[in-house]
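Thanks for coming. I will go through one helix and then one protein–DNA surface.

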Number of protein chains: 2
Amino acid sequence: METKRPRLGAAQRPTMKDVAHEAGVGLKTVSRVVNGESGVSEATVDRVREVIARLGYRRDDAARGLRNGHVASIGLILEDTTDPFYAQLVGAVQTVAQEHGMLALTGASDEDPDYERDLGLALCARRVQGLVIVPAPGSRHDYLEPELAAGMAVVFVDRPPIGLAADTVLADSRGGARGAVGHLVERGHRRIGFLGDSPGIYTAGERLLGYREALAAAGLPRDDALVAMGPPSPDALGAALAALMALPDPPTALFTGNNRTTVETLRILARREERPALVGFDDFELADLMTPPVTVVAQDPVGMGRAAARLLFQRLAGDRSPARRLELATRLIARGSGERRPAGLPGEPRDRA
Amino acid sequence: METKRPRLGAAQRPTMKDVAHEAGVGLKTVSRVVNGESGVSEATVDRVREVIARLGYRRDDAARGLRNGHVASIGLILEDTTDPFYAQLVGAVQTVAQEHGMLALTGASDEDPDYERDLGLALCARRVQGLVIVPAPGSRHDYLEPELAAGMAVVFVDRPPIGLAADTVLADSRGGARGAVGHLVERGHRRIGFLGDSPGIYTAGERLLGYREALAAAGLPRDDALVAMGPPSPDALGAALAALMALPDPPTALFTGNNRTTVETLRILARREERPALVGFDDFELADLMTPPVTVVAQDPVGMGRAAARLLFQRLAGDRSPARRLELATRLIARGSGERRPAGLPGEPRDRA
DNA sequence: TTGAAAGCGTTACCAG
DNA sequence: CTGGTAACGCTTTCAA
């Protein structure tokens, strides 16, 4: 009987059996050669190697994983790979993963909780050993319960999970926001506006809380007219900013809630007359080259990604201790825009040079 | 005989067999329910569904892929995920992949050709259906020959493959560079410096060629003292720039070869006295908010990623035509830094307002 | 040093 | 409508 023909059109890959047949040895011998096991004569090794090269044989890791424990890969879900903050974070996770000989299957949820869940399930179906997730706003994670029970490691970054006890790595958003607003208060500002991301986003909420705490600590009144929360689109932000500046008692300083918002606000301010002081949450490239350079509360995306990945691999190495929650400190970097004083108060000396 | 116990410690996942047993139905029936096939009574479907939910069963795609054609995933290799140019490109590839129901396994080669090859082989072993590669400088790709023969689709982006005929998507680096330098020449510059990436990088070489072609077309002499190529580290660039400016006849304009180089050059120039005109290859966020705003030759990373992914899926859909090479046009965006005239010539009028 | 057989979890085929 | 059986490509176990 002839060798069975493959499906039409689909070129066929050689298997171990093909190699064994071609080299005139047993299947197991090929397996041993492929995996560099001992117990094969040098002559046989050479022959098998030659056939492998000639046929272009590649071991199938899926089949291998089916038989053994499982294939070395982790899953990574975030909302948007192109945001520099997440790009850095992903890069760090991947670096650590590759150091452990693992590849990362990456998916972008684009802020859609349902899609995030689909991605998570797809990754589970592919039997990734671990999962790093930046939750979309509003997504629940109880569906991962059985995975955890089955030994999969799951770590959440930047935002906490909902409905699941699992390791979490966050930035200290509230403390960072307090510091930013406190910094402005110390410079004499009494009317400080907050431009934050959509209120459904965990970090946006925390930063709003920090903003309020700092005002309260300084004995300043809470004025919700100074707060605008929403997606950082140019239009929405332009309207919000215009409204803020049209107030009878407009803010002399702004605190912006993430890099997108900060950048877009800078763009809008460049077209307007006002020059409020500004502190942004999250550092961004070229902040130092703006005029004036932009004062920020820097997060550490690389540190967060690395911490998350390390936690993950600790779990995979067998750590069964209770879920941990890491909160990484932020750091205020004063560059100029946040040190402007309100009109009417003496400013700092300029241009000593 | 009792059910066989799993390896100690490793929690066990339920399989279809477990579900079938628990629900008191056959294996195939569970399979039908899981895959939404018809031919199962509603009552049975419900019972099976209930058991699946209770046991937390998840289909194993590795086993599934072993049996069928293969699992829906593609591989993605680039050198650095955190560079905004590549971040955009990756994002586009992933978006298209997800639209096709595929996930992307991503690896970063970090400019190491050997590691790039290892990543490629690892992805082949995982039987990805397609591969998108940004080649590391100096890497060869003939090792992918058998994969292509076996029906895998491979597309190269940003840089062409070496030793393999495969689809390739590039930016028109040479034409873009010609345009940039021509733009400066038209503004009266006769001494134009070029700060490029390491000469081993394909795009760096092309941009150097474009630079030279533009000079030649303008009848300007070639002066290699005006060219500095190397990795865009602050130190190296600082030294190169200092050397350039110390020339007896220093450049009045600079052409920088990629976004990293442009940004670092801006940073260095901010600390120096000279204010040469500047055009950068590759656009970057905030270029419009620099003083002066930075003129660039914009590439289209999203377009490139999308084009690459589309080519890939065309191939996977059965397109067997010869390898294609796409070269995407660049676009010069004049913002100010590239329109400065050399000292001694009248500048453009400023501040009409 | 070598190889035959069983089995990993799933699906296709075919029989009930 | 339902369910056995074989097979996917590999590794493990055990016997030669």
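I start with a definition: the expected span of a helix is 1.5 Å times one less than its number of residues. What you see is a predicted model. Take helix H5 of chain B, residues 84-99. With 16 residues at 1.5 Å a residue, H5(B) should span 22 Å, and its end C-alpha atoms are 22 Å apart, so the two values agree.

How many residues of H5(B) are buried? The count is 12 of 16, so to speak of the helix as mostly covered is fair. Among the buried ones are Phe85(B), Leu89(B), Val93(B) and Val96(B), and also the polar Gln94(B) and Gln98(B).

Now the ends. At the start of H5(B), a side-chain oxygen of Asp83(B) comes within 2.8 Å of the backbone nitrogen of Phe85(B). Just after the helix, Gly101(B) has a positive phi of about 75°.

Next, DNA strand D. Which residues come nearest to this strand? Of the 25 around it, they are Lys28(A), Tyr57(A), Arg64(A), Arg67(A) and Thr29(B). Of the strand D atoms within 4 Å of the protein, 60% belong to sugar and phosphate.

Three contacts illustrate this surface. The side chain of Tyr57(A) has an N or O atom 2.4 Å from a phosphate oxygen of strand D. A polar backbone atom of Gly26(B) is 2.8 Å from a phosphate oxygen. For Asn68(A), a side-chain N or O atom is 3.4 Å from a sugar or linking oxygen.

Helices H2 (27-34) and H4 (61-67), in chain A and in chain B, each supply at least two residues of the surface near strand D. By type, that surface has six nonpolar, nine polar and 10 charged residues.

Key: Residues are numbered from 1 along each chain as its sequence is written. Chains are lettered from A and ligands numbered from 1 in the order in which they are written. This is a predicted model: local features need pLDDT of at least 70, side-chain atom pairs count only at pLDDT 80 or more; totals for chains, interfaces and linings use all residues. Side-chain values use heavy atoms; hydrogens and water are left out. A residue is near a molecule or strand if one of its heavy atoms lies within 4 Å of it. A polar contact is a pair of N or O atoms within 3.5 Å; within protein, one must be able to donate a hydrogen and the other to accept it, and residues adjacent in sequence count only if both atoms are side-chain atoms. Helices (H or I, at least four residues) and strands (E, at least two) are DSSP runs, numbered from the N terminus. Buried means under 20% relative accessible area, exposed over 50%, partly exposed in between (1.4 Å probe, protein chains only).
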